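Reader: I'm new to reading protein structures, and I'd like to go through one with you slowly. Could you put it up so that I can ask as we go?

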Amino acid sequence: MPQTLTSSRAVTLALMLILLAAAVMAAVMIGPLSLPFGETLRALWGMIADPGGAQGADAVVSAVRVPRVLVAVLVGAGLGVAGAAMQGVFRNPLAEPGITGVSAGAATVAVLLIVTGTGSHILPLGAFLGSLGAVAIVQAVGVVSGSTSSLLLVGIALNAFLGAIISATVANAEDAEDARSAMFWLNGNLTGRTMQDVGMSLAPLLIGVAIVLLCSRDLNLLSLGEATAATSGMNVGRTKHIILAGAALATGAGVAITGVISFVGLVVPHVVRLIWGSDHRFLLPASALIGAIFLLVADTAARMIFNPIVLQTGTVTAIIGAPFLLCLVLAQARRQS
């Protein structure tokens, strides 16, 4: 039976991977200038065979759509894994990637750079450093206190403190256009992303995701309770800090290039858990794949369905994610009753 279960889950992950590939292809093809399947494949091959030589429709694919699609896949996967890890460590279904202040740290630096006009070219790097600074503060307090609840409380306090700084900065912006740009960034958006953004976030995001994935068995033990995990020989405190650091690294790398995108890290692990259970060996990779698909679909909807109304990708994730999660929870409650 265990072997059958493993094979079934491997097939499910393979199907998710195929669905992700189909979503990627559709997102590249769809746009104000729609491209046929064959022409899209030719443009993608041209990116590999002759980088920088694309013209016309091929240039739209290589310079606009592919970077945006890659960012959606990377950030969606990172937020999905980070959300599942946070919920596992804190044993709290309401935990999400930004609960330790990592998103607020990135947002604070980004808003300061936008409002002061310091320079948009350093915005992603500044946001990433801001997220790392917030993580360092929370982790330092956690090491001193040795308590998971302290980590959670420090994260909540840091979110409130940095949120106040962001509000004050935006409210006192001298230029109304700067304030609008800051609000636009805070809602999360993938417009104008480039291959340079992909390159900047790729390494830290993959390292963060890899750290969490390697701790899937530890998360299963933690789900049974810290006392039970400790009896198996686990150093509970050190393991939690490693998992949280990996989740924060993945979140910070994503938020730095897209802004704050809500709901992916909260909803996706819930959906996977409700349908397939809470074994983190499956939950983590499935959350990565579903998170990538979800953000990719939401971004495609943001740029196509609501036209000419301008909606940020982060707004669409909440519009789609909230009702979907509510339906799943109600369906589960009906089955249990």
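Reader: Are Arg 9 and Asp 279 buried or exposed?

Author: Both of them, Arg 9 and Asp 279, are buried, and I should say at the start that what we are looking at is a predicted model. Their side chains meet in a salt bridge, with a distance of 3.4 Å from N to O. Arg 9 lies in helix 1, residues 2–29, while Asp 279 sits in the loop between helix 12 (264–276) and helix 13 (280–304), so this pair ties together parts that are 270 residues apart in sequence.

Reader: What lets two side chains pair like that?

Author: In general, side chains of opposite charge can pair when their charged atoms come close.

Reader: OK, and how many salt bridges are there in the whole structure?

Author: A search of the whole structure finds seven. One of them joins Arg 193 to Asp 197, where the closest N and O atoms are 3.3 Å apart, and both Arg 193 and Asp 197 are buried. Another joins Lys 240 to Glu 226, with the closest N and O atoms 2.0 Å apart. Lys 240 belongs to helix 11 and Glu 226 to helix 10 (residues 226–231), so that pair ties together parts that are 14 residues apart in sequence.

Reader: Why does Lys 240 count as buried, and where does that leave Glu 226, buried or partly exposed?

Author: Lys 240 has a relative accessible area of 5%, and it counts as buried because the cut-off for that word is under 20%. Glu 226, on the other hand, has 39% relative accessibility and counts as partly exposed.

Reader: Which residues does Lys 240 touch?

Author: If we leave out residues up to four places away in sequence, Lys 240 touches Val 89, Thr 148, Leu 222 and Glu 226, the last of these being its salt-bridge partner.

Reader: Let me change topic: how many cavities are there of 30 Å³ or more?

Author: The count comes to two, and the largest cavity holds about 40 Å³ of space.

Reader: How does anyone find empty space like that, what shows where it is left?

Author: Rolling a probe the size of a water molecule over the atoms shows where empty space is left.

Reader: And which residues line the largest cavity?

Author: The lining of the largest cavity is made by Met 86, Thr 100, Val 135, Val 138, Gln 139, Leu 244 and Ala 248. Helix 5 and helix 11 (236–258) each supply at least two residues of that lining, and helix 5 gives the most, with three residues.

Reader: Helix 5 again, then; what does that helix give to the nonpolar patch on the surface?

Author: Three residues of the patch come from helix 5, residues 123–145, and that is the largest share. The patch itself is formed by Leu 125, Leu 129, Leu 132 and Met 200, which together have about 330 Å² of accessible area. Among these, Leu 129 is found in helix 5.

Reader: One last residue: where does Leu 221 lie, and what does it touch?

Author: Leu 221 lies in helix 9, residues 216–222, and is partly exposed, with a relative accessible area of 28%. Not counting residues up to four places away in sequence, Leu 221 touches Ala 229, Ser 232 and Met 234. You could also look at Leu 221 together with Gly 88, since these two are 133 residues apart in sequence and 9.7 Å apart in space, going from C-alpha to C-alpha.

Definitions and conventions
Residues are numbered from 1 along each chain as its sequence is written. This is a predicted model: local features need pLDDT of at least 70, side-chain atom pairs count only at pLDDT 80 or more; totals for chains, interfaces and linings use all residues. Side-chain values use heavy atoms; hydrogens and water are left out. Helices (H or I, at least four residues) and strands (E, at least two) are DSSP runs, numbered from the N terminus. Buried means under 20% relative accessible area, exposed over 50%, partly exposed in between (1.4 Å probe, protein chains only). Contact means heavy atoms within 4.5 Å. Patches are made of residues with over 30% relative accessible area and no salt bridge: like charges are joined within 9 Å, nonpolar side chains (Val, Leu, Ile, Met, Phe, Trp, Tyr) within 5 Å. Accessible areas come from the Shrake-Rupley method with a 1.4 Å probe; for residues, only the protein chains shown count as cover. A salt bridge is a side-chain nitrogen of Lys or Arg within 4 Å of a carboxyl oxygen of Asp or Glu. On a 1 Å grid over the protein atoms alone, a cavity is a set of points where a 1.4 Å probe fits but cannot get out, and a pocket is an open set with protein on both sides within 12 Å along at least five of seven lines; lining residues have an atom within 4 Å of a point. Grid points are joined across faces, edges and corners, and a volume is the space filled by probe spheres set on the points.
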